[in-house]
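Thank you all for making the time this morning. I would like to walk through one chain with you, slowly, and I will put it on the screen before I say anything about it.

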Amino acid sequence: MMVSGWVNQAWPNCQLLGTVGCHLCEQAEALLMPWVAYGLQVECVDITEILAHYERYEQRIPVLQRLDTGAELDWPFDARQLRMFLSD
């Protein structure tokens with residue numbers, strides 16, 4: 001995965017919607033870590049703490065959401081899809 005070429009990128013702030021103990025959410029977090037190392041800001045949000053989030057996302061998690069546009073990227077996603085999502 002080539003993230004280092006994107007060091008000067010102005011990353012959007014994001015939220016990763018999921019739950020504690022979700023193995024898919026853990027996989028998504030691991031995929032995001034190289035981008036976090038290069039400045040991507042990601043807030044992990046537990047959907048069980050907000051009823052509206054739970055009702056909307058319970059069958060879809062993990063979901064990465066851009067805070068600037070509201071765009072969402074549902075799991076499963078790979079490094080290429082993530083790069084495209086963050087660069088739009």
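I will go from the overall layout to the strands, then to the cores, and finally to the cysteines and prolines.

Please keep in mind throughout that what you see is a predicted model. The chain holds 3 helices and 4 strands, and if you follow the sequence from its start, these elements come in the order β-α-β-α-β-β-α. Of the 88 residues in the chain, 36% count as buried, and the chain exposes about 5300 Å², of which carbon and sulfur atoms supply 52%. If we take the contacts between residues at least 6 apart in sequence, 66% of them join residues that are at least 24 apart.

Let me turn to the strands, beginning with β1, which covers residues 14–18 and is mostly covered, since 5 of its 5 residues are buried. Cys14, Leu16 and Gly18 point one way from β1, while Gln15 and Leu17 point the other way, and all of these are buried. On the pairing side, β1 runs parallel to β2, residues 42–46, and 5 bridges join the two strands. The path between them leaves β1, passes through helix α1, residues 23–37, and arrives at β2, and this β-α-β crossover is right-handed. Within the parallel pair, Gly18 has Asp46 of β2 as its bridge partner, and Leu17 stands opposite Val45, also in β2.

Which strand pairs with β1 in the antiparallel sense? That is β3, residues 63–66, and 4 bridges connect β3 with β1. In this pairing Leu16 stands opposite Leu64 of β3.

Leu64 takes us to the nonpolar cores. The largest core has 16 residues, and the members that touch the most other members are Trp35, Leu40, Leu64, Phe77, Leu82 and Leu86. The elements β1, α1 and α3 each give two or more residues to this core. Apart from it lies another core, of 8 residues, and among them are Cys22, Val45, Tyr57 and Val63.

I would like to stay with Phe77 for a moment, a residue of the loop between β4 and α3. Is Phe77 buried or exposed? With a relative accessibility of 4%, Phe77 counts as buried. If we set aside the neighbours within four places in sequence, Phe77 is in contact with Ala28, Leu31, Leu64 and Leu82. For one of these partners, Leu64, the separation along the chain is 13 residues, and the C-alpha atoms of Phe77 and Leu64 are 9.6 Å apart.

A second loop residue deserves the same attention, namely Ile47, which lies in the loop between β2 and α2. Ile47 is buried, at a relative accessible area of 1%. Again leaving aside neighbours within four places in sequence, Ile47 is in contact with Leu17, Gly18, Thr19, His53, Tyr54, Tyr57, Glu58 and Ile61. Ile61 is 14 residues away from Ile47 in sequence, with 8.8 Å between the two C-alpha atoms.

Now to the cysteines, where a natural thing to ask is how many disulfides a search of the whole structure finds. The search finds 0 disulfides. In the case of Cys44, the closest cysteine sulfur is that of Cys25, and because the two sulfur atoms are 8.7 Å apart, they are too far from each other for a bond. The cut-off behind that reasoning is that the sulfur atoms of a disulfide lie within 2.5 Å. Cys25 itself is buried, with a relative accessible area of 3%.

Finally, I would ask you to look at two of the prolines. The peptide bond from Ile61 to Pro62 is cis, with omega near 0°, and Pro62 has its place in the loop between α2, residues 51–57, and β3. The peptide bond from Trp75 to Pro76 is likewise cis, with omega near 5°, and Pro76 is found in the loop between β4, residues 72–74, and α3, residues 79–87. The loop between β4 and α3 is also where Phe77 lies, and Ile61, on the other cis bond, is among the contacts of Ile47 that I listed a moment ago.

That is where I will stop, and I am glad to go back to any part of the model on the screen.

Methods. Residues are numbered from 1 along each chain as its sequence is written. This is a predicted model: local features need pLDDT of at least 70, side-chain atom pairs count only at pLDDT 80 or more; totals for chains, interfaces and linings use all residues. Side-chain values use heavy atoms; hydrogens and water are left out. Buried means under 20% relative accessible area, exposed over 50%, partly exposed in between (1.4 Å probe, protein chains only). Contact means heavy atoms within 4.5 Å. Accessible areas come from the Shrake-Rupley method with a 1.4 Å probe; for residues, only the protein chains shown count as cover. Two strands pair if DSSP finds at least two bridges between them. A crossover is right-handed if, with the strands pointing away from the viewer, the path from the first strand over the helix to the second runs clockwise. A nonpolar core is a set of buried Ala, Val, Leu, Ile, Met, Phe, Trp, Tyr and Cys residues joined through side-chain atoms within 4.5 Å.
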